[in-house]
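User: Hey, got a minute to go through a structure with me? I'll paste it here and fire off questions as they come up.

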Amino acid sequence: MNGMSDASYPDDLLYHPEHDWARVEDGVATFGITWYAQEALGEVVFFEPPAVGGTVSKDEPYTEVESVKAVSDVVAPMSGEIVEVNTALADSPETINDEPYGEGWLVKVKLADPDEASSLLDAAAYRALLA
Amino acid sequence: MPSTAETALRRTALYERHAAAGARLVPFAGWEMPVQYTGIRDEHLAVRREVGVFDVSHMGQVQSRGPEAEAFLQRVLSNDVRRIPEGGAQYSLLCREDGGILDDLFTYRLAACEFLTITNAANHEHDLAWMQERAASFDVDVIDCAPEFAMLAVQGPGARELVRGLADGPLPPRMHCCQRDVSGVPMFVCGTGYTGEDGVELLLDPEHAPAVWDALVSGGAQPCGLGARDTLRLEVCFHLYGNDMDVHRNPIEAGLGWCCKDGTGYIGAEAVAAARAAGTPEKLVAFAVEGPGIARQGNPILGGGVVTSGTFSPCLERGIGMGYVASERSEPGGRLEIDVRGTTRPAVIEGKPLYRPKGP
């Protein structure tokens with residue numbers, strides 16, 4: 001079976017309308033894709049992390065996740081420099097389906113402008129967007 | 001502007017079953033079809049290991065019936081139709097005069113002067129018109145039967161056992177067909193498929209399709225969508241019309257010269273014979289990506305060529321595909337570089353099929 005059984009959108013995350021999340025802690029954000037995104041994509045079979053040291057720009061694609069059928073761009077919810085990538089996903093990309101907010105995180109980014117957080121959605125607003 | 005009725009997607013007799021099962025439904029060749037139920041990989045592996053059932057009711061059927069039905073089909077189909085016995089099946093192409101491929105088809109001989117040809121959904125209307133135009137000089141009726149049939153494919157090492165248990169008699173061998181009652185419903189049972197596994201395809205009255213579907217699923221068949229159908233066929237290098245060949249490709253470059261019998265006088269025979277004799281600038285090859293990455297349809301092959309089908313192979317657990325390259329570098333073992341959205345991925349040309357089913 002694919003993914004988690006029920007939709008979930010944790011309250012402690014910030015959301016981008018392109019179905020990405022960010023968890024901001026001390027000027028560094030962890031990025032991933034939402035339950036909705038992994039469900040729409042289907043079982044993830046390939047993820048090649050971007051390079052550490054690369055920069056990402058808010059609202060711009062910074063990597064791809066692939067299901068059997070399709071490739072999907074992943075959009076950066078905030079801007080900054082990639083300081084860590086989830087290399088474990090190369091061997092078990094399905095973790096993105098199983099734990100999209102936990103072990104399925106994609107990258108950690110040192111934020112260029114932490115104030116960009118104010119433009120993101122809280123969980124309630126993201127749920128409203130999906131409704 | 002097209003009316004709403006013309007643009008509305010058509011639904012098969014099994015639409016309610018798909019919706020109730022939580023299938024993801026997508027537009028495909030004018031139909032609303034299930035692309036997956038539980039997941040493409042699960043469904044794919046169910047067919048390789050056990051049994052799966054596909055709704056392929058979007059496919060079309062054309063009946064050719066009459067004293068000159070055989071002569072007519074010999075003229076329009078690329079293979080030697082005379083060699084189909086009663087109750088037999090044959091794969092062939094529909095070609096233009098210039099050898100360009102209009103469709104690939106299975107034809108069943110139901111009786112001496114009665115044939116049923118299965119068309120691809122996207123090509124059905126055109127195939128039908130093409131055949132009817134060319135039937136005028138033969139004593140044959142060419143009839144659109146698509147509305148009369150639902151079509152289910154039951155595929156996998158356990159497919160025959162499952163269907164046999166529901167049938168009123170033995171099943172036809174591979175590449176044969178016969179009439180049977182399955183689950184009490186009269187139908188054509190055909191020993192054909194598009195997965196590389198053993199199995200059967202069922203042609204039946206759409207009204208009874210939901211009951212037969214339910215019996216197959218109750219009997220253990222995993223409902224499978226078009227997503228798994230695509231990965232299964234690509235692992236065994238079956239062509240997909242519109243991807244791996246089209247009207248701008250001839251059978252020789254597509255690797256389908258084996259089903260073109262140039263002496264039979266079919267439309268396109270001269271062009272195909274010429275291409276066979278002269279060779280073609282390009283050939284369709286199968287490849288496996290080395291290392292990470294999944295090549296997709298349309299990705300350029302460096303040095304000339306293009307990927308026509310590409311996916312992730314659930315059995316081989318790597319990117320696989322088919323594509324056209326220059327004939328002089330089309331031999332198995334040859335190395336390719338594929339531009340996968342800006343990243344160059346190495347691949348190796350492999351023999352066909354890429355995956356060899358293990359059988360029951």
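User: Let's start with chain A. How much of it is buried?
Analyst: Keep in mind that this is a predicted model. In chain A, 43% of the 131 residues count as buried.

User: And what's in it, in terms of helices and strands?
Analyst: Chain A has 3 helices and 9 strands. Going along the sequence, they come as β-β-β-α-β-β-β-β-β-α-β-α.

User: How compact is chain A for a protein of that length?
Analyst: As compact as a globular protein of that length, because its radius of gyration is 13 Å, close to the 14 Å from the globule rule for 131 residues. The C-alpha trace spans about 40 × 35 × 20 Å along its principal axes.

User: What about contacts in chain A, what share of them join residues at least 24 apart?
Analyst: That's 67%, counted among contacts between residues at least 6 apart in sequence.

User: OK, switching to the interface. How many residues of chain B are in contact with chain A?
Analyst: 13 residues of chain B, and they meet 11 residues of chain A.

User: Which elements of chain B supply that side?
Analyst: Strand 2 (31-36), helix 3 (40-49), helix 8 (226-235) and strand 15 (305-313) of chain B each give at least two residues to the side touching chain A. By class, that side has 5 nonpolar, 6 polar and 2 charged residues.

User: Now the sheet in chain B with strand 9. What's the strand order?
Analyst: The order is 10-11-12-9-3-13 in chain B, an open sheet of 6 strands with mixed pairing. Strand 10 and strand 13 (222-224) of chain B are the edges, each pairing on one side only. On average, neighbouring strands of this sheet are turned by 30° against each other, direction ignored.

User: How does strand 9 pair with strand 12 in chain B?
Analyst: Antiparallel, over 6 bridges. At the start of strand 9, A150(B) stands opposite L204(B), while Q155(B) stands opposite G199(B).

User: And with strand 3?
Analyst: Strand 3 (residues 52-55) of chain B also pairs with strand 9 of chain B in the antiparallel sense, over 4 bridges. In that pairing V53(B) stands opposite V154(B).

User: Is strand 9 of chain B mostly covered or mostly open?
Analyst: Mostly covered: 6 of its 6 residues are buried. That goes for both faces, with A150(B), L152(B) and V154(B) on one side and M151(B), A153(B) and Q155(B) on the other.

User: Which helices lie across strand 9 of chain B?
Analyst: Helix 3 of chain B lies across strand 3, strand 9 and strand 13, at about 120° to strand 13 of chain B. Helix 6 of chain B lies across strand 9, strand 10 and strand 12, running at about 40° to strand 12 of chain B.

User: Tell me about helix 6, then. Which of its residues are buried?
Analyst: In helix 6 (residues 159-166) of chain B, the buried ones are A159(B), R160(B), L162(B) and V163(B). Looking down the axis of helix 6 of chain B, these buried residues fall within an arc of 160°, so they line one face of the helix.

User: Why would residues a few places apart end up on one face?
Analyst: An α-helix has 3.6 residues a turn, so residues three or four places apart point the same way.

User: What do the buried residues of helix 6 pack against?
Analyst: Strand 9 (150-155), strand 10 (177-182), strand 12 (199-204) and helix 7 (209-218), all of chain B.

Note on methods
Residues are numbered from 1 along each chain as its sequence is written. Chains are lettered from A and ligands numbered from 1 in the order in which they are written. This is a predicted model: local features need pLDDT of at least 70, side-chain atom pairs count only at pLDDT 80 or more; totals for chains, interfaces and linings use all residues. A residue is buried if 20 or more other C-beta atoms lie within 10 Å of its own, exposed if 12 or fewer, and partly exposed in between; C-beta atoms are placed from the backbone. The arc is that of the directions from the helix axis to the C-beta atoms. Two residues are in contact if their C-beta atoms, placed from the backbone, lie within 7 Å. Ala, Val, Leu, Ile, Met, Phe, Trp, Tyr, Cys and Pro count as nonpolar, Asp, Glu, Lys and Arg as charged, and the others, Gly among them, as polar. The radius of gyration is taken over C-alpha atoms; the globule rule is 2.2 Å times the number of residues to the power 0.38. Two strands pair if DSSP finds at least two bridges between them. Axes are lines fitted to C-alpha atoms, for helices over the stretch in contact, and angles run from 0 to 180 degrees between N-to-C directions.
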